[in-house]
Amino acid sequence: MSERHLSDAEHRQGPSEFVSADAMGATAVAYLVTGPMVFGGLGLLADHLLGIRGLVVLGILGGMALSVYTIWLRYGMTGTDPQGSDESRADTTHEETL
Amino acid sequence: MFGNLSLVGYGLATIGPAIAVGLIFAAYISGVARQPEARPLLQPIAILGFALAEALAIFGLVLYFVPIR
Amino acid sequence: MSMAAALGGLATLSTASGDSFETPTPAIFYLPIIGEGDWAITEQMFWGGVSVLLLSLVMVRLSAKAAVVPTKGQWMMEGFYNFARNGIARDMIGSKDFLRFVPLLFTLFALILLNNLFGILPPVMNPTTGRIGFPIAFTVVVYVVYHWVGISRKGLGGYLAGLVPPGLPGWIKGPIWVLEFITFFITRPLTLALRLFGNMFAGHMLIVLFVSAGAYFLTQGIVFQLLSVPTFIMAAAMVLFEGLVQFLQAYVFTLLAASYIAGAVADDH
């Protein structure tokens with residue numbers, strides 16, 4: 001359990017860069033899909049109930065803006081390491097990595 | 001044969017973002033390869049650029065599901 | 001000439017020259033042994049059971065006589081175990097409370113890896129995770145675990161409130177909360193299951209396509225028989241490439257599961 005015991009070089013540096021980049025991409029895409037889908041869906045529902053048009057577009061654009069904003073909040077801060085290594089986990093405040 | 005023209009449209013709409021994402025990560029990789037210490041600075045920029053480019057592809061995906069009357 | 005007419009012309013052209021080539025369809029994944037329909041026992045279920053038995057046997061066998069000076073088998077087993085324990089669980093969850101989750105993550109990694117590798121292992125040649133049921137089952141386990149851990153750690157209210165990053169202006173909190181809630185409870189598990197399924201499904205389809213096209217070319221004229229050589233070379237290359245993808249997807253699945261658990265156990269603010 002002690003850090004010294006596991007001195008294999010590759011085990012010290014966290015998961016492989018390639019794979020963790022893939023994982024981060026998956027999470028970013030999950031955010032990107034959710035925003036427009038949810039708010040576009042809400043807009044579509046509102047359009048349907050109110051008998052008007054145009055709220056869908058508003059919902060999709062607003063949802064996308066929210067998604068990009070959330071990604072910026074979680075990954076866009078410079079200075080923090082979004083890879084999620086042990087050291088950065090200790091001192092980041094709210095970026096739950098990935 | 002099945003599907004409709006929206007599907008073709010979505011396929012076309014993904015070409016641009018695909019090229020954009022490729023360019024962004026190519027630039028990111030060459031940047032990090034030249035200056036590995038610049039990684040924490042470059043990574044948020046690359047992720048944001050990826051998100052903004054990918055947003056266009058997602059728009060296509062969402063619009064595919066929106067019924068246009 | 002319209003496009004549909006042109007395509008129709010192409011289709012008749014290809015059927016005119018003997019028996020036509022049948023493109024593999026998703027139906028190649030449906031391999032019932034006993035019964036049929038939704039409740040059939042399929043080949044994938046059989047191989048899934050075999051994978052559990054095989055892994056249990058090998059691991060019990062190799063860990064039963066654990067010695068300070070390891071045998072070759074024990075040494076390889078330990079390397080494999082350390083990869084999941086340190087490379088995934090400890091690095092993602094943090095050294096404080098990762099040990100609780102090592103059994104789950106190691107089991108997931110070993111099981112998914114073997115089930116993926118069935119896609120290129122000769123007696124099977126069919127990734128069991130290419131059926132959507134398997135990724136869904138793995139994802140349900142991860143889903144229950146990470147939400148349960150998060151809720152038992154912070155309480156239901158605290159867990160739900162903790163979805164929003166702190167320090168935001170009040171008016172934007174509501175929409176962001178909705179976005180985060182849907183992402184956490186629906187989109188993330190969905191993408192987790194779908195990316196494993198999609199990779200295995202598409203990879204197997206590609207291999208089957210190249211192999212069946214090569215076999216079809218062999219039955220045609222001499223030009224096509226020459227063409228079948230690069231097709232089979234391509235099929236072999238795809239098998240190698242799929243081996244890599246199968247390993248990476250098992251790795252990514254476990255890594256994402258670990259990172260979701262890490263998000264649930266992290267004591268922020």
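**Chain B on its own**

I began with chain B, where buried residues make up 32% of the 69 residues; the model I am reading is a predicted one. I then looked up its secondary structure and noted three helices and zero strands, which along the sequence gives the pattern α-α-α. For its surface I recorded that chain B exposes about 4500 Å², with carbon and sulfur atoms supplying 75% of that area.

**Chain B against chain A**

I next turned to the contact between these two chains, which takes 21 residues from chain B and 26 residues from chain A. Together chain B and chain A bury about 2000 Å², and 80% of that is on carbon and sulfur atoms. I asked which three residues supply more of the area that chain B buries against chain A than any other three. They are B:I47, B:L48 and B:F59, and their share is 23%. Sorting by residue class, I found that the side of chain B that touches chain A divides into 17 nonpolar residues, one polar and three charged.

I then searched the same interface for specific polar pairings. The count of salt bridges between chain B and chain A is zero, and the rule likewise finds zero residue pairs in polar contact across it, where both residues have to be at pLDDT 80 or more.

**Chain C, overall**

Moving to chain C, I counted seven helices and two strands, and reading along the sequence I wrote down the pattern α-β-β-α-α-α-α-α-α. Of its 269 residues, buried ones make up 42%. I also checked how its contacts are distributed along the sequence: among those with a separation of 6 or more, residues 24 or more positions apart account for 69%. The accessible surface of chain C comes to about 13900 Å², and 76% of it belongs to carbon and sulfur atoms.

**Salt bridges**

How many salt bridges does the rule give over all chains? The count comes to three, and I went through them in turn.

The pair C:E180 and A:R74 forms a salt bridge with its closest N and O atoms 2.9 Å apart. This pair crosses between chains, running from helix α6 (residues 170-218) of chain C to helix α3 (residues 55-75) of chain A. I wanted to know whether C:E180 and A:R74 are buried or exposed, and both turn out to be buried.

Within chain C, C:R153 forms a salt bridge with C:D97, the closest N and O atoms being 3.3 Å apart. C:R153 lies in helix α5 and C:D97 in the loop between α3 (72-93) and α4, so this pair ties together parts that are 56 residues apart in sequence. I noted that C:R153 is partly exposed at a relative accessible area of 35%, whereas C:D97, at 16%, counts as buried.

The pair C:R90 and C:D91 also forms a salt bridge, with the closest N and O atoms 3.8 Å apart. Here I found C:R90 buried, with a relative accessible area of 2%, and C:D91 buried as well, with a value of 6%.

**A backbone detail**

Last, I looked at backbone angles, bearing in mind that most residues other than glycine have a negative phi. C:M125 has a positive phi of about 50° although it is not a glycine. I located C:M125 in the loop between α4 (102-117) and α5 (133-161) of chain C, and its relative accessible area of 34% makes C:M125 partly exposed.

Conventions: Residues numbered from 1 in each chain as written. Chains lettered and ligands numbered in written order. Predicted model: local features only at pLDDT ≥ 70, side-chain atom pairs only at ≥ 80, totals over all residues. Heavy atoms only, no water. Contact = heavy atoms within 4.5 Å. Buried area = accessible area lost by both parts, 1.4 Å probe. Salt bridge = Lys/Arg side-chain N within 4 Å of Asp/Glu carboxyl O. Polar contact = N/O pair within 3.5 Å; in protein donor to acceptor, adjacent residues only side chain to side chain. Nonpolar A, V, L, I, M, F, W, Y, C, P; charged D, E, K, R; others polar. Helix = DSSP H or I, 4+ residues; strand = E, 2+ residues; numbered from the N terminus. Buried < 20%, exposed > 50% of the residue type's maximum accessible area, 1.4 Å probe, protein only. Areas by Shrake-Rupley, 256 points an atom, 1.4 Å probe, with all protein chains shown as cover.
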